[in-house]
2 protein chains.
Amino acid sequence: MIDELVTQLGPAQVLTDPDVTKSYLHDEAEWAPYGTARAVVRARNAADVQATVRWAIKHDVPVVARGAGTGLSGGANALDGCIVISLAKMNAIREINPLERIAVVEPGVVNDDLRAAVATEGLWYPPDPASSPWSTIGGNVGTNAGGVCCVKYGVTRDYVIALEVVTGTGEIVRLGRRTAKGVAGLDLVGLFVGSEGTLGIVTEITVKLRPLPDRGRTVIGYFDSMVDGGVAVREVARRGLTPSALELVDQTCLKAVDDLTHMGLSAEANVVLLGVVDEAGEAGAAAARQLQEAFTVGGATYVAETDDPEEADAMMAARRLAYPALERLGDLLTEDVCVPKEHVPEMLRRIDVIAAETDTTIASVAHAGDGNLHPLMITERGDDAARERAQRAFHRIVDECLDLGGTVTGEHGVGLLKMPGVAKELGPEVLAMQRAVKAALDPHGILNPGKVF
Amino acid sequence: MIDELVTQLGPAQVLTDPDVTKSYLHDEAEWAPYGTARAVVRARNAADVQATVRWAIKHDVPVVARGAGTGLSGGANALDGCIVISLAKMNAIREINPLERIAVVEPGVVNDDLRAAVATEGLWYPPDPASSPWSTIGGNVGTNAGGVCCVKYGVTRDYVIALEVVTGTGEIVRLGRRTAKGVAGLDLVGLFVGSEGTLGIVTEITVKLRPLPDRGRTVIGYFDSMVDGGVAVREVARRGLTPSALELVDQTCLKAVDDLTHMGLSAEANVVLLGVVDEAGEAGAAAARQLQEAFTVGGATYVAETDDPEEADAMMAARRLAYPALERLGDLLTEDVCVPKEHVPEMLRRIDVIAAETDTTIASVAHAGDGNLHPLMITERGDDAARERAQRAFHRIVDECLDLGGTVTGEHGVGLLKMPGVAKELGPEVLAMQRAVKAALDPHGILNPGKVF
């Protein structure tokens, strides 16, 4: 069977040696199960993807697409006997068009590489997941990735206007448009963004760009507790401010980052809240002052606007390093709950209670301005009792988030880890609608089956 | 059959008198065919909609949802023997929440009424179709309506985060979320926005809001020809400017508006280009200067920044009146093509050629900054030869737009008028995907059948 694929694509494109394929079998969701792939296809172009999908239809073999494997929900994890299609080699930036303010890229382009390339034209691709130095635009499209600046500038779906896709019936089609607007039929582009490889495999992406913003002003606040920080976040929303970043980092994260970077943040603060405003001129200065006042209302023990760009960059870099820094401490089980801004303090309070009651170390970073919280359960490797307690904490956090009108996944995607939570969140009728759409576009049921819904 | 519905909903909700129902049978697409409805249901709530859909499933009767009937593609036109569900009476604003920056409305709320209500809280609902004094948010959702300020602030889909929907199987479900972000499963909200009543009937809408912007600075340019105006528009894009409005109005429209308002615009200019920039302070002043320079590059015969807010409002109001003013001149066949900004001058040139070659009066207004052009074929009522020529012009414009990489509908929706163009634009594979999704969510085929795809 595989020989047929090797003949079509060439041996260099089809990896079957288990020692080689094993690094393609899972993403960074350490707690999500994964199987053993029949082979890994390193696609060079859409034709390779099409040939693989057609082969998979013929032989009824599941196909799992992956980019850099930085996902946090197990969405790209291999299924036993599947083909993994790696799109990492399809990493050409095909076009940057300043007049139309768009870029056309292959799915394997790394987020930061796109960002750097368009910056040379004074342009900006906003979605900036913490994984941006490694994660690919294709993967970002698969999960509808968010990031730090999404609080003001929106998520991946807000920037994708066209896709080339290999469909569940093995066709190569173009969805969407190059124009600024368009309503020709159902929005299949938006449907594919965030579909985690369950509807088709994306082979080209056209994204909207924005003008590169000002660097902005960074306001730092120290707090005694996460709940206090949450109160400040709610106050920012209550005042109608629109920061371009509003990030909350707790003591456990600060310590882990200190261990990695020797920045010494954790000695200064229990909890750090970082806000950025990027309006130009006096409007920016006024917004920064408002931000400081809001932090003070939340009970900040220290608050200041950084006038040192290097300090501001270092603080934001520390925030981005939280996940890799924490990974050194043990196995991480990552939440991605998102609650209405009103309820950020209460959700943080409930997480504290759950941590105490389940005797689990829960570190927290948060895109707090979005209400998007990432409590991370950390367990020592091999401590099964701790794992069991962490899992209980995970499910309780999901339940509390739903109780507060939130969603179980703000930006990481459903994958495998969030399936039970999503089933609860959506309910049987909506889940049935989701499955009907999936079945309509993947009639052979080969595209990342058993994930999401 | 209908008696069953009357018993369930009460006689006041079910209109069957042809003299009464006739005003519910079509939208403002004068050239689109429409049939005779079996009855018109004036829904009071989601339960009324659900009862009607369940009745329609049972009796295999098509259901056509309508708001204010201001559509321009025939999307809300009745089919013979159908039930028209009017959602106009469901016009309550259920919530305005400044902290979450959202509003929750029933589908029959008029766009301008929502706009006025949220303005009292210092908030803004940006999508502003020219029909905003009359069209409903439900209708705006159905067509993914655009408008003047979309060039900077996006279209309806960019603001809708949750929907309550009566599905094709007669369930009432909630799609989406109240949170700032969320990726729990496929984006059914985005799929429903712009689906023109073919996937379900929307009974509640949650929209994001923005802070009310500054009034901004208005720059007016006069040009000898539309093509010159188009060159100015392209220059605005080339300079990387982001106006919050960039509207082009031709001589025919100016004259028609003058007839209505006695403003005397048409004596001063052949073509008017209106630009607005809404950055605060010095940034706004600089952007307005840049806009003037771009207009000059396009060959403007006169260009000035208006410092009189009343003049600015009057100019924009004149733009919004173009459609009703032209309707007095004859039957209108409305295009809604959208091309890449690069090609705006060329598309305008081709429209001139088509007007000459088909001997057809083509008036033009354009959301030019989006590349979204509205050439309007005007024919005297009863002149069949002129109608036939106008129809030829219509199809040629569609073909030229596709040749330039455009879309046949930027914001009006497909309805009936744009079906042939959309079929050409999407191609058979994508059309098959669209139909598969439609069939998955409307398994009984009762929701606005025969429209869009």
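Two strands count as paired if DSSP finds at least two bridges between them. The exercises below apply this to a predicted model.

**Exercise 1. Determine how strand S3 of chain A is placed in its sheet.**

Solution.
Step 1. Four bridges join S3(A) to strand S4 (residues 83-86) of chain A. The cut-off for pairing is at least two bridges, so S3(A) and S4(A) pair. The two strands run parallel.
Step 2. One of the bridge partners can be named: Arg66(A) is matched with Ser86(A) in S4(A).
Step 3. Helix H3 (residues 46-59) of chain A packs on the sheet, where it touches strand S2 (39-42), S3 and S4 of chain A. The direction of H3 makes about 170° with that of S4(A).
Step 4. The sheet is open and its four strands follow the order S1-S2-S4-S3 in chain A, with mixed pairing. Strand S1 (14-15) and strand S3 (63-66) of chain A therefore stand at the edges; each has a single partner strand, and one side of each is left without a neighbour in the sheet.

**Exercise 2. Establish which strands pair with strand S12 (residues 217-223) of chain A, and whether S12(A) is enclosed.**

Solution.
Step 1. Strands of a sheet pair through backbone hydrogen bonds, either parallel or antiparallel.
Step 2. With strand S14 (residues 271-277) of chain A, S12(A) forms seven bridges in the antiparallel sense. Within this pairing, Thr218(A) stands opposite Val276(A).
Step 3. With strand S15 (residues 302-306) of chain A, S12(A) shares five bridges, again antiparallel. Here Gly221(A) has Val303(A) as its bridge partner.
Step 4. Six of the seven residues of S12(A) are buried, so the strand is largely enclosed by the rest of the structure.

**Exercise 3. Check the length of helix H14 (residues 344-357) of chain B and describe its surroundings.**

Solution.
Step 1. At 1.5 Å a residue, the 14 residues of H14(B) should span 20 Å. The end C-alpha atoms are 20 Å apart, which agrees with the expectation.
Step 2. The buried residues of H14(B) include Val344(B), Met347(B), Leu348(B), Ile351(B), Ile354(B) and Ala355(B).
Step 3. An α-helix has 3.6 residues a turn, so residues three or four places apart point the same way.
Step 4. Among the elements covering these buried residues are helix H8 (226-238), strand S13 (245-249) and helix H15 (384-403) of chain B.
Step 5. After H14(B) comes Asp359(B), with a positive phi near 50°.

**Exercise 4. Decide whether Gln13(B) and Thr156(A) are buried or exposed, and name residues that each one touches.**

Solution.
Step 1. Gln13(B) lies in the loop between helix H1 (2-9) and strand S1 (14-15) of chain B. Its relative accessible area is 7%; buried means under 20%, so Gln13(B) is buried.
Step 2. Apart from residues up to four places away in sequence, Gln13(B) touches Val40(B), Val41(B), Arg42(B), Arg44(B), Asp48(B) and Lys89(B).
Step 3. Thr156(A) belongs to the loop between helix H6 (150-153) and strand S8 (160-167) of chain A. At 0% relative accessibility, Thr156(A) is likewise buried.
Step 4. Leaving aside neighbours within four places in sequence, the contacts of Thr156(A) include Tyr125(A), Pro127(A), Asn140(A) and Val193(A).

**Exercise 5. Find how chain A and chain B are related.**

Solution.
Step 1. A turn of 180° with a shift of 0.0 Å along the axis lays chain A on chain B, with an RMSD of 0.0 Å.
Step 2. The two copies are thus related as by a two-fold rotation axis.
Step 3. The same surface serves both copies, since 100% of the contact residues of chain A recur in chain B.

Terms used: Residues are numbered from 1 along each chain as its sequence is written. Chains are lettered from A and ligands numbered from 1 in the order in which they are written. This is a predicted model: local features need pLDDT of at least 70, side-chain atom pairs count only at pLDDT 80 or more; totals for chains, interfaces and linings use all residues. Side-chain values use heavy atoms; hydrogens and water are left out. Contact means heavy atoms within 4.5 Å. Axes are lines fitted to C-alpha atoms, for helices over the stretch in contact, and angles run from 0 to 180 degrees between N-to-C directions. The expected span of a helix is 1.5 Å times one less than its number of residues. Buried means under 20% relative accessible area, exposed over 50%, partly exposed in between (1.4 Å probe, protein chains only). Copies are superposed by least squares on the C-alpha atoms of residues with pLDDT of at least 70 in both.
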